[in-house]
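Please find below some notes on this model, set out as numbered points. They are meant to be read with the structure open.

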Amino acid sequence: MSTTDILAARGKRLAAGTGALATAVALGATLFAAAPAQATPGPAKPYGVVTAKTGLSERQYPSTDSSVRGYLRHRAHVGLVCKVRTQSVGGNSVWYLTREDRGAWVAAKYVTNSGRVKYCKDVHRTRVQANHPAKHTVG
């Protein structure tokens, strides 16, 4: 084989390799463009969405007689810790403890929840069992 033949053979292999590389790059670009965008993480579950058109007051305790600690706008997302049954608001006696720093209460009548919200007695019992070792008595 002459030097010219060797160079010609290398050129063909190089051209074939370049073609394969170009195809791979084009395919990768197509797949990248077709891939759905990464979804931004939503609020941790459970959470609620305020449904009251005029917004919703956050209360210090689960009662309309309690002082207002804050205000949530219509369609605001709020983390929910637990729920209790107390004063009925519009026929709904459930109130949610919010996950916000303030630890305020909102009437469930005006919140649509996403995810299962446990009763507060169950949440607090689980926290106590997890955080405190059992007491041993000497007998």
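**Notes on the predicted model**

1. Lysine 83 and tyrosine 119. The charged end of lysine 83 is placed over the ring of tyrosine 119, at 4.7 Å from the ring centre. As for pairing between aromatic rings, a search of the whole structure returns 0 aromatic pairs.

2. Confidence. The model is predicted, and this should be kept in mind for every point here. The average pLDDT of the protein is 77, and 58% of the residues reach a score of at least 70. Residues 30–35 stay under 50 in pLDDT, and the model gives them 0 contacts beyond four places in sequence. The stretch 134–139 also has a pLDDT below 50, with 0 contacts in the model beyond near neighbours in sequence. I would not read anything into the placement of these two stretches.

3. Overall make-up. The protein has 2 helices and 7 strands. Read from the N terminus, the order of the elements is α-β-β-β-β-β-β-β-α. Of its 139 residues, 26% count as buried. Among contacts with a separation of 6 or more, 50% come from residues 24 or more positions apart.

4. Nonpolar cores. The largest core is made of 12 residues, among them Val50, Leu56, Leu72, Leu80, Tyr96, Val106 and Val111. Strands β4 (77–89) and β5 (92–98) each contribute at least two residues to this core. A second core, separate from it, has 9 residues, including Cys82, Val89, Leu97 and Cys120. As background, nonpolar side chains in soluble globular proteins tend to be buried together.

5. Valine 111. This member of the largest core has contacts, outside its neighbours within four places in sequence, with Gly48, Val49, Thr51, Leu56, Tyr96 and Val106. Of these partners, Leu56, Tyr96 and Val106 are listed in the largest core too.

6. Glutamate 58. Is this residue of the model buried or exposed? Glutamate 58 counts as buried because its relative accessibility is 0%, under the 20% cut-off. The residue belongs to strand β2, residues 56–59. Setting aside neighbours within four places in sequence, glutamate 58 touches Ser67, Val68, Arg69, Gly70, Tyr71 and Leu72, and also Thr98, Glu100, Arg102, Ala104, Trp105 and Val106.

7. Arginine 85. This residue is in strand β4. With a relative accessible area of 54%, arginine 85 is classed as exposed, because the cut-off for that class is over 50%. Which residues does arginine 85 contact, leaving aside its neighbours within four places in sequence? They are Ser93, Val94 and Tyr119. Its side chain has a polar contact of 3.2 Å with the side chain of serine 93, and another, also given as 3.2 Å, with the side chain of tyrosine 119. Arginine 85 and tyrosine 119 are 34 residues apart along the chain, with 8.7 Å between their C-alpha atoms. Tyrosine 119 is also the residue whose ring lies under the charged end of lysine 83.

8. Serine 63. The loop between β2 and β3 (68–72) holds serine 63. At 18% relative accessible area, serine 63 is buried, because buried means under 20%. A polar atom of its side chain lies 3.0 Å from the backbone nitrogen of aspartate 65. The side chain of serine 63 also makes a polar contact of 3.4 Å with the side chain of glutamine 87. Beyond neighbours within four places in sequence, the contacts of serine 63 are with Gln87 and Trp95.

Note on methods:
Residues numbered from 1 in each chain as written. Predicted model: local features only at pLDDT ≥ 70, side-chain atom pairs only at ≥ 80, totals over all residues. Heavy atoms only, no water. Core = buried A, V, L, I, M, F, W, Y, C linked by side-chain atoms within 4.5 Å. Buried < 20%, exposed > 50% of the residue type's maximum accessible area, 1.4 Å probe, protein only. Helix = DSSP H or I, 4+ residues; strand = E, 2+ residues; numbered from the N terminus. Contact = heavy atoms within 4.5 Å. Phe/Tyr/Trp six-rings, centres within 6.5 Å; stacked < 30°, edge-to-face > 60°. Lys NZ or Arg CZ within 6 Å of the ring centre and 35° of its normal. pLDDT = per-residue confidence, 0-100. Polar contact = N/O pair within 3.5 Å; in protein donor to acceptor, adjacent residues only side chain to side chain.
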